[in-house]
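Colleague: Please take me through this model, one topic at a time.

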Amino acid sequence: MDSGGVADIIGDGEQHTEGESARKKLKVEQVSREKDKTPAGNGKGKCSASSLLPVEEKNLFANFTFKRVLRADPSRKMAFLHGQFEKTANEDEEDSADGASKDAVVILEQSAFHLDHVEKMLAAGAKGDLEFQNDVYHNYRVFFPAEFNATKTTIIYPATQSHIEKFGQQPVYIVDESPDDYLNITLPSLQKSKRFDTKWVDNILDHEKETERIVFEDPDKESGFVLLPDLKWDGHNVDSLYLIALPHKRGIHSIRDLTSDHLTMLNKIKNEGTVRHFSLHVSSCFLWETHRGCC
């Protein structure tokens, strides 16, 4: 199967026990890309973000029915929810032909503090209650004005059963995989799997979606890539930098497909994603490859 690589650049200001300063992470993640593509914008069973959630809508979830909590991640202050949106008459007419789902996955994440807004936040008038005091330590539950309490929200709609399963609570296993295991077990499974929809990758590389979000693009077919913010990043706070780089090179299924021939591409991704655009020293960044089956 012909495929195109996708490299994610991810950063999160994680503190290290060795006393290092917070370091951004640079992640390279490969996803298979089908050569045979369905043109975007055919309208079949698709609902654009603008038609689903207009900017001027006061309540973005007015037509949303909550079903269940798929998973909660207290350490990252995130919640993954499953629900359904009521469809418009136009959507019902389109979906009757292809049976598209009205299910949705909603990802809620508490945004990182913007350090340049902290002074304004403190001066805006905070209200709260003292929960306990011990010597010089005072613990309050404080409520700041709404403009400082934005919650980063990602909506996947229409969501497939694979999306729902992906963000649900799942057991985690560590597996020792030999090169032969990859060739005989993992790779055939990835080639046949329909779980990982990579149409979004095609849309970006073909400039059909998210063109306004592109930070940088190197059009070289062998070592070029598209660089843009990942959905996990708020797009503002560099301390939580999280970018994604989508290589133009085809045929990369996972880390096992990387060779010395890809070093030029990997180095360009690291340098463009840190030094040139975000004034970060390369020594403060991590670049790693995620096994395709982990995505």
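Modeller: Helices (H or I, at least four residues) and strands (E, at least two) are DSSP runs, numbered from the N terminus. The model is predicted: local features need pLDDT of at least 70, side-chain atom pairs count only at pLDDT 80 or more, and totals for chains, interfaces and linings use all residues. Residues are numbered from 1 along each chain as its sequence is written, and side-chain values use heavy atoms, with hydrogens and water left out.

Colleague: Where is Pro158 found?

Modeller: Pro158 lies in the loop between strand E8 (151–156) and helix H4 (161–166). The peptide bond that leads into Pro158 from Tyr157 is cis, with omega near -5°.

Colleague: What is phi of Asp135?

Modeller: Phi is near 60° at Asp135, a positive value in a residue other than glycine. Asp135 sits in the loop between E6 and strand E7 (137–143).

Colleague: Is Asp135 buried or exposed?

Modeller: Asp135 is exposed because its relative accessibility is 60%; exposed means over 50% relative accessible area, buried under 20% and partly exposed in between (1.4 Å probe, protein chains only).

Colleague: And Lys77, where is its place?

Modeller: Lys77 is in the loop between E3 and E4. Although Lys77 is not a glycine, its phi is positive, at about 55°. With a relative accessible area of 53%, Lys77 is exposed too.

Colleague: How many residues lie between E3 and E4?

Modeller: There are 4 residues between E3 and E4, which form a hairpin with Lys77 in the turn. Strand E3 covers residues 64–73 and strand E4 residues 78–85, and the two pair in the antiparallel sense over 8 bridges; strands count as paired if DSSP finds at least two bridges between them. Within this pairing, Val69 of E3 has Leu81 in E4 as its bridge partner.

Colleague: Turning to E11, how many of its residues are buried?

Modeller: Strand E11 (residues 242–247) is mostly covered, with 6 of its 6 residues buried. Tyr242, Ile244 and Leu246 point one way from the strand, whereas Leu243, Ala245 and Pro247 point the other way, and all are buried.

Colleague: Which strand do 5 bridges join to E11?

Modeller: That strand is E10 (residues 225–229), and E10 and E11 run antiparallel. One of the bridges pairs Leu228 with Ile244 in E11. Ile244 is also among the buried residues of E11, on the side shared with Tyr242 and Leu246.

Colleague: Now the charged pairs. How many salt bridges does the structure hold?

Modeller: The structure holds 4 salt bridges, each a side-chain nitrogen of Lys or Arg within 4 Å of a carboxyl oxygen of Asp or Glu. One of them joins Asp218 and Lys268, at 2.5 Å from N to O. This pair links distant parts of the chain: Asp218 belongs to strand E9 (residues 216–218) and Lys268 to helix H7 (residues 263–278), 50 residues apart.

Colleague: Are these two partners buried or partly exposed?

Modeller: Asp218 counts as buried because its relative accessibility is 15%. Lys268 counts as partly exposed, at 22%.

Colleague: What does Glu222 meet in a salt bridge?

Modeller: The side chain of Glu222 meets that of Lys249, at 2.8 Å from N to O. Here too, distant parts of the chain are linked, since Glu222 is in the loop between E9 and E10 and Lys249 in the loop between E11 and H7, 27 residues apart. Lys249 has a relative accessible area of 22% and is therefore partly exposed.

Colleague: And with which residue does Arg213 form a salt bridge?

Modeller: Arg213 pairs with Glu210, and their closest N and O atoms are 2.4 Å apart. Arg213 is partly exposed at 25% relative accessibility, and Glu210 is partly exposed with a relative accessible area of 27%.

Colleague: Finally, helix H5: where does it bend?

Modeller: H5 bends by about 35° at Thr186, and Pro188 follows within four residues; the bend is the angle between axes fitted to the seven residues ending there and the seven starting there. The helix has 14 residues (179–192) and reaches 19 Å from its first C-alpha to its last, close to the 20 Å expected, a span of 1.5 Å times one less than its number of residues.

Colleague: Which residues of H5 are buried?

Modeller: They are Tyr182, Thr186, Leu187 and Leu190. Thr186 is thus both a buried residue of H5 and the place of its bend.
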